[in-house]
Amino acid sequence: MEGRLVRWVTRHRVRFSKYAVASMVATGITQLVLYGLYSSGGFDATSASAIGFVAGAVPHFVMIRWWAWRQRGMPRLTRQVVGYLVVTGLGGFVSVGLTTLAELVFSPLVVDRDARTLVLIMAYLLGGLPVFVAKFAFLDRVFGQVYEATSSTSVRAANPVAPGTTSS
């Protein structure tokens with residue numbers, strides 16, 4: 001088991017590092033949006049964390065697709081978007097749910113809105129932490145598969161002919 005883990009880490013370290021950096025950037029965006037919306041008093045925890053989640057998820061998809069997995073163009077884009085939405089949506093659901101629960105639990109205990117906002121940010125971060133590696137493994141299967149470019153512009157011979165022979 002240990003040998004498999006070492007081989008996996010060695011094979012994926014660069015991609016995982018890029019994924020981690022993209023995730024940190026996306027998390028930073030999410031937390032800034034969550035903080036700004038919730039601390040202003042205009043949004044409840046569920047709305048603020050859901051909007052923050054979307055604000056971070058969109059650039060995260062672009063960063064991991066282009067930078068971490070070096071995917072370009074349209075082939076498999078639908079499969080990648082659907083796979084990303086499923087795994088990220090499940091993780092987001094957990095984070096938004098924990099943020100909402102934290103608001104219910106800590107609202108009566110923490111009166112200061114800024115302090116309560118920090119508690120919500122911690123709940124959001126802790127919700128995403130356990131699924132971080134599992135999410136990478138799933139996304140590696142979605143984005144990491146090598147695909148052959150299939151294009152309607154490729155030309156195939158009507159009657160393939162062996163080299164050195166004629167078709168007459």
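**Exercise 1. Locate Thr117 and describe its surroundings.**

Solution. Thr117 lies in helix H4. The model in which this placement is made is a predicted one. The next step is to classify the residue by accessibility. Thr117 has a relative accessible area of 0% and is therefore buried, since the term buried applies under 20%. The last step is to list its neighbours. Leaving aside residues up to four places away in sequence, Thr117 touches Tyr35, Tyr38 and Ser39. One of these neighbours, Tyr38, also has a charged group over its ring: the charged end of Arg113 sits there, 3.8 Å from the ring centre.

**Exercise 2. Describe the overall architecture of the protein.**

Solution. Begin with the secondary structure, which comes to 5 helices and 0 strands. Read along the sequence, these elements give the pattern α-α-α-α-α. The helices are H1 (2-39), H2 (45-68), H3 (77-106), H4 (113-128) and H5 (132-143). Turn next to burial: of the 168 residues in the protein, 32% are buried. The exposed surface amounts to about 10,700 Å², and carbon and sulfur atoms supply 68% of it. Finally, consider the contacts with a separation of 6 or more: residues 24 or more positions apart account for 77% of them.

**Exercise 3. Identify the largest nonpolar core and determine which helices build it.**

Solution. In soluble globular proteins, nonpolar side chains tend to be buried together. In this model, the largest nonpolar core has 25 residues. Within that core, the residues with the most contacts are Ile64, Trp69, Tyr84, Leu139 and Phe143. Helices H1, H2, H3, H4 and H5 each supply at least two residues of the core. The largest share, 7 residues, comes from H2.

Tyr84 may then be examined individually. Not counting residues up to four places away in sequence, Tyr84 touches Ala57, His60, Phe61, Ile64, Gly89, Leu139 and Phe143. Among these partners, Ile64, Leu139 and Phe143 are also named with Tyr84 as residues with the most contacts inside the core.

**Exercise 4. State how many aromatic pairs occur and name the members of the aromatic cluster.**

Solution. The count of aromatic pairs in the structure is 8. One aromatic cluster is formed by Phe16, Tyr19, Trp69, Phe132 and Phe136. Trp69, a member of this cluster, is also among the residues with the most contacts inside the largest nonpolar core.

**Exercise 5. Decide whether Thr99 is buried or exposed, and find the partner of its side chain.**

Solution. Thr99 is found in helix H3. Its relative accessibility is 0%, so Thr99 counts as buried. The side chain of Thr99 reaches the backbone oxygen of Ser95 at a distance of 2.7 Å. Beyond residues up to four places away in sequence, Thr99 touches Ala45, Ser49, Leu120, Ala123 and Tyr124.

**Exercise 6. Analyse the environment of Gln31.**

Solution. Gln31 belongs to helix H1. With a relative accessible area of 10%, Gln31 is buried, because this value falls under the 20% cut-off. Its contacts, not counting residues up to four places away in sequence, are with Ile121, Tyr124 and Leu125. Tyr124 is likewise one of the residues touched by Thr99. To relate chain position to space, compare Gln31 with Met122: the two are 91 residues apart along the chain, and their C-alpha atoms are separated by 9.6 Å.

**Exercise 7. Contrast the accessibility of Gly127 and Gly128, and relate each to a residue distant in sequence.**

Solution. Helix H4 contains Gly127, and Gly128 is found there as well. Gly127 has a relative accessible area of 3% and is buried, whereas Gly128 is partly exposed at 25%. The two classes follow because the cut-off for burial is 20% and that for exposure is 50%.

For Gly127, the C-alpha distance to Val96 is 8.2 Å, across 31 residues in sequence. Gly127 touches Val94, Ser95 and Leu98 when residues up to four places away in sequence are not counted. Ser95 is also the residue whose backbone oxygen is reached by the side chain of Thr99. For Gly128, the C-alpha distance to Gly91 is 6.2 Å, across 37 residues in sequence.

Note on methods. Residues are numbered from 1 along each chain as its sequence is written. This is a predicted model: local features need pLDDT of at least 70, side-chain atom pairs count only at pLDDT 80 or more; totals for chains, interfaces and linings use all residues. Side-chain values use heavy atoms; hydrogens and water are left out. Rings of Phe, Tyr and Trp (its six-membered ring) pair if their centres lie within 6.5 Å; planes under 30 degrees apart count as stacked, over 60 as edge-to-face and the rest as tilted. A charge sits over a ring if NZ of Lys or CZ of Arg is within 6 Å of the ring centre and within 35 degrees of the ring normal. A nonpolar core is a set of buried Ala, Val, Leu, Ile, Met, Phe, Trp, Tyr and Cys residues joined through side-chain atoms within 4.5 Å. Buried means under 20% relative accessible area, exposed over 50%, partly exposed in between (1.4 Å probe, protein chains only). Helices (H or I, at least four residues) and strands (E, at least two) are DSSP runs, numbered from the N terminus. Contact means heavy atoms within 4.5 Å. A polar contact is a pair of N or O atoms within 3.5 Å; within protein, one must be able to donate a hydrogen and the other to accept it, and residues adjacent in sequence count only if both atoms are side-chain atoms. Accessible areas come from the Shrake-Rupley method with a 1.4 Å probe; for residues, only the protein chains shown count as cover.
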